[in-house]
Amino acid sequence: MSRLAPQYLFRQPNLPIAEAWAPIEADDLVTIPLLGRVAAGVPIDACIDAGSVEVPSRMVRRNTYALRVCGDSMIDCNIFDGDVIIIERRESAENGETAVVMINDQEVTLKKLYIEKAGVRLQPANETMPPIFLKNSDIQVLGLVMGVVRQPDLAA
C-alpha cells in the first residue's frame with residue numbers, strides 16, 4: 001500500500017476527552033464540509049474555506065462539520081497541530097467541554113470551556129499556555145469536538 005490512510009478517532013461518551021478517543025474503521029465514508037481552520041493557541045480570525053473531508057458515517061451527527069487545527073494548545077487532549085476535528089454544531093457547552101468558541105464575533109479558538117462567577121475561562125490542554133478569561137457576552141459556542149481525523153505523517 002503506497003499511501004497510508006488517515007486514522008479516525010471517535011469520541012466515546014462519558015469519558016474525559018484525553019481518554020475518550022477510540023480508533024474506528026474507515027468504512028461507510030461520507031463527505032462533510034471542511035469549513036476552515038481553528039486555533040489551538042492564540043485565537044485567529046474566523047475565515048470560511050470551502051472544502052470537504054471524508055469520515056466514517058458513525059462520526060457524523062445532525063449538524064456536523066470539520067475544521068483543521070492550527071497550534072498546540074490541546075495536546076493533552078490528544079488533539080494536535082494539523083489534525084482535522086469533527087464538530088457537532090451546538091450553541092452551548094457543559095462545564096469542561098472541549099468547544100470551538102467565537103470571541104467578540106471575529107476570532108475562533110478551540111479550548112475547554114469553564115463557566116465561573118466572573119465569566120468564562122477558556123482553558124488550553126497544554127500546561128505551558130495560559131487560560132483566556134472573558135465575559136459571557138464576549139463568546140459564542142459554535143460546536144463540540146466529536147472526533148479527530150489524523151494523517152499518519154502528522155501523528156504524534
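Strands, like helices, are DSSP runs numbered from the N terminus, and a strand has at least two residues. The exercises below concern a predicted model.

**Exercise 1. Locate Gln123 and describe its surroundings.**

*Solution.*
Step 1. Gln123 belongs to strand E10, which covers residues 119-123.
Step 2. The side chain of Gln123 forms a polar contact with the side chain of Arg121, at 2.8 Å.
Step 3. Once neighbours within four places in sequence are set aside, the contacts of Gln123 are Met74, Lys111, Lys112, Tyr114 and Pro131.

**Exercise 2. Determine over which ring the charged end of Arg121 sits, and how many aromatic pairs a search of the whole structure finds.**

*Solution.*
Step 1. The ring in question is that of Tyr114, and the charged end of Arg121 is 4.3 Å from its centre.
Step 2. Tyr114 also appears among the contacts of Gln123, and the side chain of Gln123 makes a polar contact with that of Arg121.
Step 3. For aromatic pairs, the search of the whole structure returns zero.

**Exercise 3. Describe the largest nonpolar core and the strands that supply it.**

*Solution.*
Step 1. In soluble globular proteins, nonpolar side chains tend to be buried together.
Step 2. The largest nonpolar core here comprises 20 residues, and Val38, Ile79, Ile85, Leu110 and Val145 have the most contacts inside it.
Step 3. At least two residues of this core come from each of the strands E6 (64-70), E7 (84-89), E8 (98-103), E9 (107-116) and E12 (139-150).
Step 4. Strand E6 gives the most to this core, namely three residues.
Step 5. Another core lies apart from this one; it has 13 residues, including Ala93, Ala99, Leu113 and Ile139.

**Exercise 4. List the residues that Ile79 touches, not counting those up to four places away in sequence.**

*Solution.*
Step 1. Ile79 is one of the residues with the most contacts inside the largest core.
Step 2. With the stated residues left out, Ile79 touches Ile17, Trp21, Val69, Met74, Ile85, Leu110, Val145, Val148 and Arg150.
Step 3. Met74 is also in contact with Gln123.

**Exercise 5. Classify Asn104 and Asp105 as buried, partly exposed or exposed, and give the phi of each.**

*Solution.*
Step 1. Asn104 lies in the loop between E8 and E9, and Asp105 is found in the loop between E8 and E9.
Step 2. Asn104 is not a glycine, yet its phi is positive, near 50°. Asp105, likewise not a glycine, has a positive phi of about 60°.
Step 3. A residue counts as exposed over 50% relative accessible area and as buried under 20%.
Step 4. The relative accessible area of Asn104 is 43%, so Asn104 is partly exposed. That of Asp105 is 65%, so Asp105 is exposed.

Notes: Residues are numbered from 1 along each chain as its sequence is written. This is a predicted model: local features need pLDDT of at least 70, side-chain atom pairs count only at pLDDT 80 or more; totals for chains, interfaces and linings use all residues. Side-chain values use heavy atoms; hydrogens and water are left out. Helices (H or I, at least four residues) and strands (E, at least two) are DSSP runs, numbered from the N terminus. A polar contact is a pair of N or O atoms within 3.5 Å; within protein, one must be able to donate a hydrogen and the other to accept it, and residues adjacent in sequence count only if both atoms are side-chain atoms. Contact means heavy atoms within 4.5 Å. Rings of Phe, Tyr and Trp (its six-membered ring) pair if their centres lie within 6.5 Å; planes under 30 degrees apart count as stacked, over 60 as edge-to-face and the rest as tilted. A charge sits over a ring if NZ of Lys or CZ of Arg is within 6 Å of the ring centre and within 35 degrees of the ring normal. A nonpolar core is a set of buried Ala, Val, Leu, Ile, Met, Phe, Trp, Tyr and Cys residues joined through side-chain atoms within 4.5 Å. Buried means under 20% relative accessible area, exposed over 50%, partly exposed in between (1.4 Å probe, protein chains only).
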